[in-house]
Structures are given as structure tokens and as C-alpha cells.
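Trainee: I would like to learn how to read a structure like this one step by step. Could you walk me through it?

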Amino acid sequence: MKKLYRSESDKKISGICGGLARSLNIDSTIIRLFVVAAALFSFGTVAFLYILASIVVPKENYNSYPEGYEYY
């Protein structure tokens with residue numbers, strides 16, 4: 001199982017969506033669209049969880065992923 005890190009190379013705000021997309025092997029745009037839609041319909045709950053995840057989830061470093069992993 002892959003560990004979740006905040007992405008340094010694929011980030012718009014804090015890198016949570018980029019890191020989650022990398023962990024799930026899907027496009028980060030899909031994750032970002034889902035987070036924006038969920039934030040609008042959850043009355044701020046998803047926005048709070050995003051901020052909390054930005055604090056708790058560690059930043060990636062280039063030693064975080066195994067050898068031969070493709071960096072985007």
C-alpha cells in the first residue's frame with residue numbers, strides 16, 4: 001500500500017489533491033473537481049478536512065517513493 005504524501009510537483013494550494021491522486025493512480029484534476037464539488041455541498045466540512053489534512057499529512061521528499069518511480 002502506498003503512503004500518502006503532499007505532492008511537491010503537482011500542487012495548486014498545498015499538494016493534498018496531487019498526493020492523493022498519485023496514491024490512487026488517477027488524474028489529479030478529477031480529485032480537485034471532486035473536492036471543490038464536495039466542499040460546496042458540505043457546508044465547509046470538506047474545506048475543514050482539507051485544511052486539517054494539509055497540516056497532518058507530511059510533504060513528499062524524493063526518498064518517499066520507491067526506486068524507479070516516475071516523478072511527474
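Mentor: Happily! Let us begin with burial: a residue counts as buried when its relative accessible area is under 20%, as exposed when it is over 50%, and as partly exposed in between. Take G19, which has 1% relative accessibility and therefore counts as buried. Keep in mind throughout that this is a predicted model.

Trainee: Where does G19 lie, and which residues does G19 touch beyond those up to four places away in sequence?

Mentor: G19 is part of helix α1. Setting aside residues up to four places away in sequence, G19 touches L4, Y5 and S7. There is also a distance to look at: the C-alpha atoms of G19 and I31 are 9.9 Å apart, with the two residues twelve places from each other along the chain.

Trainee: How many helices and strands does the chain have?

Mentor: Three helices and zero strands. Read from the N terminus, the order of elements is α-α-α. The chain has 72 residues, and 32% of them count as buried.

Trainee: How should I read the contacts across the sequence?

Mentor: Ask how far apart in sequence the partners are. Among contacts between residues at least 6 apart in this chain, 44% join residues at least 24 apart.

Trainee: S7 came up as a partner of G19. Where is S7, and is S7 buried or exposed?

Mentor: S7 sits in the segment before α1. With a relative accessibility of 1%, S7 counts as buried, because the cut-off is under 20%. Its side chain reaches the backbone nitrogen of D10 at 2.9 Å. Leaving out residues up to four places away in sequence, S7 touches S14, G15, G18, G19, R22 and E60.

Trainee: Two charged residues are on that list, R22 and E60. What is the general idea for charged side chains?

Mentor: Side chains of opposite charge can pair when their charged atoms come close. This structure holds two salt bridges. In one of them, the side chains of E60 and R22 meet at 2.7 Å, N to O. E60 is in the segment after α3 and R22 is in helix α1, so this pair ties together parts that are 38 residues apart in sequence.

Trainee: Are E60 and R22 buried or exposed?

Mentor: E60 has 8% relative accessibility and so counts as buried. R22 is buried as well, at a relative accessible area of 6%. The side chain of E60 has another partner too, reaching the backbone nitrogen of E8 at 3.0 Å.

Trainee: Which side chains meet in the other salt bridge?

Mentor: Those of R32 and D10, at 3.2 Å from N to O. This pair links distant parts of the chain: R32 belongs to helix α2 (residues 28-41), D10 to the segment before α1 (16-24), and the two are 22 residues apart. Their burial is worth reading separately. R32 counts as buried, because its relative accessibility is 17%, while D10 is partly exposed at 23%. You have met D10 already, since its backbone nitrogen is the one reached by the side chain of S7.

Trainee: Now the nonpolar residues, please. What should I expect in general?

Mentor: In soluble globular proteins, nonpolar side chains tend to be buried together. Here, the largest nonpolar core has six residues: I16, C17, A21, I31, Y50 and V57. Its largest share, three residues, comes from α1.

Trainee: Which contacts does I31 make, leaving aside its neighbours within four places in sequence?

Mentor: I31 is in contact with C17, L20, A21, L24 and I26. Of these, C17 and A21 are also members of the largest nonpolar core.

Trainee: Which residues form a nonpolar patch on the surface?

Mentor: They are F48, L49, I51, L52, I55 and V56, with about 640 Å² of accessible area together. Let us take I51 as an example. I51 lies in helix α3, and at 52% relative accessibility I51 counts as exposed, because that value is over 50%.

Trainee: How much area does the chain expose, and what share do carbon and sulfur atoms supply?

Mentor: The chain exposes about 5300 Å², and carbon and sulfur atoms supply 67% of it.

Definitions and conventions
Residues are numbered from 1 along each chain as its sequence is written. This is a predicted model: local features need pLDDT of at least 70, side-chain atom pairs count only at pLDDT 80 or more; totals for chains, interfaces and linings use all residues. Side-chain values use heavy atoms; hydrogens and water are left out. A polar contact is a pair of N or O atoms within 3.5 Å; within protein, one must be able to donate a hydrogen and the other to accept it, and residues adjacent in sequence count only if both atoms are side-chain atoms. Buried means under 20% relative accessible area, exposed over 50%, partly exposed in between (1.4 Å probe, protein chains only). Contact means heavy atoms within 4.5 Å. Accessible areas come from the Shrake-Rupley method with a 1.4 Å probe; for residues, only the protein chains shown count as cover. Patches are made of residues with over 30% relative accessible area and no salt bridge: like charges are joined within 9 Å, nonpolar side chains (Val, Leu, Ile, Met, Phe, Trp, Tyr) within 5 Å. A salt bridge is a side-chain nitrogen of Lys or Arg within 4 Å of a carboxyl oxygen of Asp or Glu. A nonpolar core is a set of buried Ala, Val, Leu, Ile, Met, Phe, Trp, Tyr and Cys residues joined through side-chain atoms within 4.5 Å.
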